[in-house]
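Here is a short tour of two pockets and one residue. Keep the sequence and the 3D view open as you read.

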Amino acid sequence: MNVITLINKKGGVAKTTTALALANGLSKRKFKVLAVDCDAQGNFSKASGGENDVVGTFDILTGKEDINDAVQELKNYDLIGSDRRLSNIDVALNRPGREYQLKKALKNLKKSYDFCVIDNPPALNVAVANSLVASDKVIICTSAEAFAVDGLMELSASLDDVQEFMNPNLKVDGILITIFNPRTVIGQHQKEQLQKIADVMKTKVYKTTIRRCNAISVSQSDRKSIFEYPTSNAAQDYEKFIGEFLNG
């Protein structure tokens with residue numbers, strides 16, 4: 001199983017949107033997908049149509065429940081959902097080896113999957129650490145805006161620490177530019193800055209960019225895949241991005 005985590009310390013960069021598109025897009029290609037929501041806000045779980053107040057990520061990280069009891073079978077993929085208890089995960093999970101809980105749990109899955117897609121909060125807490133330790137690849141989502149770009153070097157240092165001390169096989173697969181307007185000068189300038197950061201991180205900026213699109217909010221409100229709106233810019237962009245991701 002290829003475990004992919006989506007990350008950025010800054011909110012509002014379409015990280016959850018990208019996680020949803022990735023899970024749905026991989027499923028659309030007939031891959032078996034498990035999605036894990038590690039964000040206490042639970043937006044991924046809500047947009048997926050998952051159930052609330054059931055066994056979820058918090059129970060798995062704290063070791064209170066078997067991971068197989070947390071798996072919800074949805075239309076396009078399976079889900080391990082989130083709830084507000086995850087906001088206290090740093091306090092609830094304070095024992096040695098706490099960063100390895102998700103990795104250990106995933107090994108106990110009874111069902112087999114081709115991909116596991118993990119959505120994370122805009123933070124670097126214990127839940128995110130668990131995601132990074134359990135993952136094979138990281139996708140960094142960022143808008144082409146000054147504040148979003150500025151925080152990537154700090155994120156880079158954190159990823160270096162994880163790779164050095166906890167998961168030497170973790171690969172930063174690339175930086176995905178979201179909410180992008182190719183016609184603006186600032187957007188193009190920040191794109192150039194992102195390439196410099198990618199060089200430092202020894203990764204790439206994906207050739208595909210994700211344009212602003214109203215269909216994204218509509219699809220999430222309706223709890224539908226973006227690919228059910230095939231003529232939208234977002235569906236076309238994410239289709240292209242997933243192809244680029246799979247082709248390496």
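The notes below cover the basis of the model, then the pockets, then an aspartate.

## About the model

This is a predicted model, where local features need pLDDT of at least 70, side-chain atom pairs count only at pLDDT 80 or more, and totals for chains, interfaces and linings use all residues. Residues are numbered from 1 along each chain as its sequence is written, and side-chain values use heavy atoms, with hydrogens and water left out.

## The largest pocket

The largest pocket (an open set of points on a 1 Å grid over the protein atoms alone, with protein on both sides within 12 Å along at least five of seven lines) has a volume of about 260 Å³. Its 18 lining residues (those with an atom within 4 Å of a point) include Asn-24, Ala-47, Arg-223, Lys-224 and Ser-225, the closest to the centre. Helix 1 (15-28), a DSSP run of H or I with at least four residues, gives the largest share of this lining, four residues.

## The second largest pocket

Next comes a pocket of about 210 Å³. Among its 13 lining residues, Ala-14, Thr-17, Ile-179, Ile-216 and Gln-220 are the closest to the centre. Helix 1, strand 7, strand 8 (205-211) and helix 10 each supply at least two residues.

## Asp-173

Asp-173 sits in strand 7 (residues 171-180), a strand being a DSSP run of E with at least two residues. Asp-173 counts as buried because its relative accessibility is 3%, under the 20% cut-off (1.4 Å probe, protein chains only). Beyond neighbours within four places in sequence, Asp-173 has contacts (heavy atoms within 4.5 Å) that include Lys-137, Thr-203 and Phe-245.

Technical notes
Buried means under 20% relative accessible area, exposed over 50%, partly exposed in between (1.4 Å probe, protein chains only). On a 1 Å grid over the protein atoms alone, a cavity is a set of points where a 1.4 Å probe fits but cannot get out, and a pocket is an open set with protein on both sides within 12 Å along at least five of seven lines; lining residues have an atom within 4 Å of a point. Grid points are joined across faces, edges and corners, and a volume is the space filled by probe spheres set on the points.
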